[in-house]
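Work through these exercises with the structure open beside you. Try each task before reading its solution.

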Amino acid sequence: MKQYDFDTPIERHGSHCVKWDALPAMYGRDDLLPMWVADMGFRSPDFVMDAIRRRCDHPVLGYTFPSPAYWHAVTQWLARRYDIHTTEASLHFIPGIVAGISYALLALTQPGDRVLVTTPVYPPFLNLPRESQRCLVCSRLTIENGRFAIDFNDFERQAEGCKMFIMSNPHNPAGTLWGRETLQKIAEICERKGIIVISDEIHADLTLPPHRHTSYSTVSAAAAHHSITFMAPSKTFNIAGLGSSVCHIVDESLRKRFFGWLDALGVAGGNVFAFTAAEAAFSDEGEAWLNQMLDYLKDNVATIDAFLRQHMPRVKAILPEASYLAWLDFSACGMTHKELSDRLINEAHVVLNDGSTFGGSEYEQCFRINLGCPRQMLVDALSRIAAAVAHKS
């Protein structure tokens, strides 16, 4: 079996990548180590790149549509990994999950409708309802046994009158997996209250062994009836720049409403490289690469866990069960949010995601860190952070 290299750093400066090349405009300096935006520091797999190169050998890049081989690759991947047994009829290509969620809001809700999220959560879940003139409703997550949990008493209160619940499953920003019982309880509440559930499962493939991801639509007839599931190879195989995602809807009536809207507006037709890359990724070779990468990520999680215990014991972490994202709480370090932010940028020279963007001021002393990188880069970032927060002025 081919062994893949996840230790060698990849030089990305000058490639117009957000992760590195956007930093000077954002922070006024170019000596920062980016541990923020959720793309990985690993090389995109060679079998995906080779598939794209082979397609480029054809001299025309004209209009295209997803081939039977593409749909076969998608349906087999969903069946094999998530027990989602489906056909092309219940699937639709989506040019990115953020776009897909915005389309669902526009197609299935009206201005002024209440849209529920649980916080902290991926910032577009907060911004999309607000910017589309929907009424954002937040239910705050609790922390139990070092992982996020849903406060169902609050969730049910906040769900009253809502038309849609946008769920991160696995959860972003900390990679918490929602178990079957939790998902069934969500489904019971949402079915009873007539709420459409959007399940963003972009990090499902990144579930770290021995954990297992449960796809929302599979937990009950109610969940299948009222849900739209989004998945993608983009985070999994580090190909987010291709905008390749897929939408799955079991219920025929909901499917006609949403897919009909997509087709009428022509916003989800796809592109040749998105189809080509996904077909290559959802292959036996893709599975082998992914298994090795997950083992590497699992060791990175163990690395940050050990480092924090030894060098930053006051920092409370929620470490991922899925994804390469961890949530760090610096509130016990005795510094204000402003001081923490300044030290991270100007002393550590490390960029993390600001916790307040995931749900407001109550998360100001929290930050999200990206562990999807060569291990030495992770240790370097942690060492810089530890030095910067070790002293109080």
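**Exercise 1. A pair within one helix**

Place aspartate 380 and arginine 384 in the fold, then describe their contact.

*Solution.* Start with the position. Both aspartate 380 and arginine 384 belong to helix α14 (residues 375-389). They are four residues apart, about one turn of the helix. Keep in mind that this is a predicted model. Next, the contact. Aspartate 380 forms a salt bridge with arginine 384, and the closest N and O atoms are 3.2 Å apart. A salt bridge here requires such atoms to be within 4 Å. Last, the surroundings. Aspartate 380 has 29% relative accessibility and is partly exposed. Arginine 384, at 26%, is also partly exposed.

**Exercise 2. From one pair to a network**

Which residues are joined into one network by salt bridges that share partners?

*Solution.* The network consists of Arg80, Arg81, Asp205 and Glu287. Take one of its salt bridges, arginine 81 with glutamate 287. Their closest N and O atoms are 2.5 Å apart. Now locate the two ends. Arginine 81 sits in helix α4 (residues 68-82) and glutamate 287 in helix α12 (residues 284-311), so the salt bridge ties together parts 206 residues apart in sequence. Then check burial, for which the cut-off is under 20% relative accessible area. Arginine 81 is at 18%, so it counts as buried. Glutamate 287 is at 17%, so it is buried too. For the whole model, the count is 18 salt bridges.

**Exercise 3. Another pair one turn apart**

Are arginine 192 and glutamate 188 buried or partly exposed?

*Solution.* Arginine 192 is partly exposed, at 45% relative accessibility. Glutamate 188 is partly exposed as well, at 41%. Both lie in helix α8 (residues 180-193), four residues apart, so about one helical turn separates them. They form a salt bridge, with the closest N and O atoms 2.7 Å apart.

**Exercise 4. Empty space inside**

How many cavities of 30 Å³ or more does the structure hold, and what lines them?

*Solution.* A search of the whole structure finds two. Take the largest cavity, with about 70 Å³ of space. Its lining includes Trp77, Leu78, Glu201 and Asp205. Helix α4 gives the most to this lining, with four residues. By class, the lining has 10 nonpolar, no polar and two charged residues.

Turn to the second largest cavity, with about 30 Å³ of space. Among its lining residues are Tyr70, Ser244, Ser245 and Ala278. Here α4 and β10 (245-248) each supply at least two residues. This lining has eight nonpolar, two polar and no charged residues.

Now compare the two lists. Val74 appears in the lining of the largest cavity, and Val74 also lines the second largest.

**Exercise 5. An enclosed strand**

Why is strand β12 (residues 325-329) described as largely enclosed by the rest of the structure?

*Solution.* Count the buried residues. Five of the five residues of β12 are buried, so the strand is largely enclosed. Next, sort them by direction. Leu325, Trp327 and Asp329 point one way, while Ala326 and Leu328 point the other way.

Then find the neighbours. Strand β11 (residues 316-318) runs antiparallel to β12, joined by three bridges. Within that pairing, isoleucine 318 partners tryptophan 327. The hairpin of β11 and β12 has six residues between the strands, and serine 323 in this hairpin takes a positive phi near 85°. Strand β15 (residues 366-370) is also antiparallel to β12, with five bridges. There, leucine 325 has asparagine 370 as its bridge partner.

Note on methods:
Residues are numbered from 1 along each chain as its sequence is written. This is a predicted model: local features need pLDDT of at least 70, side-chain atom pairs count only at pLDDT 80 or more; totals for chains, interfaces and linings use all residues. Side-chain values use heavy atoms; hydrogens and water are left out. A salt bridge is a side-chain nitrogen of Lys or Arg within 4 Å of a carboxyl oxygen of Asp or Glu. Buried means under 20% relative accessible area, exposed over 50%, partly exposed in between (1.4 Å probe, protein chains only). On a 1 Å grid over the protein atoms alone, a cavity is a set of points where a 1.4 Å probe fits but cannot get out, and a pocket is an open set with protein on both sides within 12 Å along at least five of seven lines; lining residues have an atom within 4 Å of a point. Grid points are joined across faces, edges and corners, and a volume is the space filled by probe spheres set on the points. Ala, Val, Leu, Ile, Met, Phe, Trp, Tyr, Cys and Pro count as nonpolar, Asp, Glu, Lys and Arg as charged, and the others, Gly among them, as polar. Two strands pair if DSSP finds at least two bridges between them.
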